[in-house]
Structure formats: C-alpha cells, structure tokens
Amino acid sequence: MNAANSVKNNGMSVIIAPSLLAADFTRLGEEIARVEAAGCELLHIDVMDGHFVPNIAIGPDAVKALRRVSALPFDVHLMVENPEDYIERFAAAGADYVTFHLEAARHPLRLIEQIKNAGAKAGAALNPATTWESLRYVAANLDLALLMTVNPGFGGQRFISAMLPKIAACAQWLRRENPACRLEVDGGVSEATAPAILAAGADILVAGAAVFGAADAAAALRALREMAAAPRREPADKTEAD
Ligand code: DX5
Ligand code: ZN
C-alpha cells in the first residue's frame, strides 16, 4: 500500500478503545455488549487508587467479573502508586494489557518483566507534563506506550492540544525504536480531536465520554472507527520543536 494513502499508523491498524469509566456502572455488562456488537476490539479499563490520582475506580474483582461477560481484550490502565503490588492480581483477573505510569515506577524495567511474567502485555503511561523521551530506555521492552492527553483521574476532560507535537515526535521515534509497540492516546478523544491525533501517528485511541457519554454508544464508536479507517497521510518526519 502506498505510504501516502495508508490507513495504518506506526504500521498498524488503528484501534478505538472505549473507556469503561464513562459507562453506566449500573449495567456494565450491557454497556460492554453494546460496544462489542459495534465492532469494539479493545476495552480500556481505568484503575485509580485515590493516591496517584484524586479519584478511585475499579479493582481486580471488578475486572474478574467483567472477564466473565466479555471476550474482548482488556486494556487495564493502572493509575496507582506502587503498581508492583497489583500486577499479578490484574493479570489473573483477565487483563490482556497492564499499563503502569512511569511517574509511579521506581524500577520500570523490572515492572515490565513482572507484567510479562504474569502473562500480560506491558504498557507504560506518561502524564501530559512528562517528556516522551523518558521512554528512551524503556520502549524496547514495551508492547504499548500510553500518552495522556488530559491530567489523569477523570473522564470527560478537554483534550490538551499542546500534546499533539509530543504524540508526533514520540510516534516517529517509536516507529524506529520498537515498531511493534502500540502508541495509545488517552483523554479528550472525540470526533473533533481524533483527526489530529490520528495524523500525529497514534494507533490506539481511548474514548470514554465520546462513546459511553453519547446517546448511542454503538453509533459513536462506529463513527470513530470509520474515522480511524479513513485514508490519511503518514505523519511527516518532524521534530518536537516544529
Ligand atoms: C483518565 C482516564 C481516561 C478517561 C478518558 O484519567 O485514564 O481513560 O477515561 O475519558 P475521556 O475520553 O472522557 O477523556
Ligand atoms: Zn485511561
């Protein structure tokens, strides 16, 4: 396929991952079934401990219960201090990806190994103010790098557009460093912001409010999926300073 007319970013098909945080918590099983029927390929599950972020959400028992009602791959985003204490429990509960925050990791390379030994794929997340270059000595071992585009802790926040050059620079670097590593963008993704995020080179877009907050979650997911599948130019070679 002609690179200038590619539907892939970082050489991979783009995935939209609905974030369960914005779903109706009184009927999570039905909410998942709705997006699953609309072609969902990955479910993003936010875990918050009230310390790393000023909010509390979803523990391993909840993930285990959800695992019983869904065959979707689970993308578990740990916004917690001491992630090393929780990895095995989330992996055993059915997480396919376990992503920790680099800001909460004393020994990130050890954490990545711990996640892989637990049988999951390993991700590292960066807060908006953390430079993407902190992935430099970590990315070779990663399955996923997650760039936050809001300050973590809450759904429904406004996308920080200053993150676009960071996404582009990281995407370009990651493509050379570890082409198999997914680049996920999380926070404020919507039909309005997705085109610029896709153009910057992300290949997983997390969408909470834009999917589960919509009147018709299935239609909202389909619209984002169509946008992700539309032909676009591969991001041009750029530096963060551009
Ligand atoms: C924020 C979470 C996000 C959040 C995204 O702390 O990590 O995954 O659910 O929600 P939206 O898409 O509504 O910004
Ligand atoms: Zn998240």
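How much space lies in the largest pocket? I put this to the model first, keeping in mind that the model is predicted, and I noted that the largest pocket holds about 270 Å³ of space.

**Entry: the pocket lining.** I then listed the residues around the largest pocket and found that 26 residues line it, with Gly 155, Gly 156, Asp 186, Gly 187 and Gly 188 lying nearest its centre. Looking up which elements give two or more residues to this lining, I wrote down β4 (43-49), β6 (74-79), β11 (204-207) and α7 (209-212). Sorted by character, the lining residues of the largest pocket divide into 13 nonpolar, 11 polar and two charged.

**Entry: aromatic rings.** I turned next to ring pairs, and the count came to one aromatic pair. The partners are Trp 132 and Trp 173, whose rings lie 5.4 Å apart centre to centre with 50° between the planes, and I entered the pair as tilted. I also checked where the two residues sit along the chain: Trp 132 is in the loop between β8 (121-126) and β9 (144-148), whereas Trp 173 is in helix α5 (residues 164-177), so that the pair links distant parts of the chain, 41 residues apart.

Are these two rings buried or exposed? Trp 132 has a relative accessible area of 7% and Trp 173 one of 8%; because buried means under 20%, I recorded Trp 132 as buried and Trp 173 as buried.

**Entry: a charge over a ring.** Last, I looked up Arg 67 and noted that its charged end sits over the ring of Phe 74, at 3.8 Å from the ring centre.

Definitions and conventions:
Residues are numbered from 1 along each chain as its sequence is written. Chains are lettered from A and ligands numbered from 1 in the order in which they are written. This is a predicted model: local features need pLDDT of at least 70, side-chain atom pairs count only at pLDDT 80 or more; totals for chains, interfaces and linings use all residues. Side-chain values use heavy atoms; hydrogens and water are left out. On a 1 Å grid over the protein atoms alone, a cavity is a set of points where a 1.4 Å probe fits but cannot get out, and a pocket is an open set with protein on both sides within 12 Å along at least five of seven lines; lining residues have an atom within 4 Å of a point. Grid points are joined across faces, edges and corners, and a volume is the space filled by probe spheres set on the points. Helices (H or I, at least four residues) and strands (E, at least two) are DSSP runs, numbered from the N terminus. Ala, Val, Leu, Ile, Met, Phe, Trp, Tyr, Cys and Pro count as nonpolar, Asp, Glu, Lys and Arg as charged, and the others, Gly among them, as polar. Rings of Phe, Tyr and Trp (its six-membered ring) pair if their centres lie within 6.5 Å; planes under 30 degrees apart count as stacked, over 60 as edge-to-face and the rest as tilted. Buried means under 20% relative accessible area, exposed over 50%, partly exposed in between (1.4 Å probe, protein chains only). A charge sits over a ring if NZ of Lys or CZ of Arg is within 6 Å of the ring centre and within 35 degrees of the ring normal.
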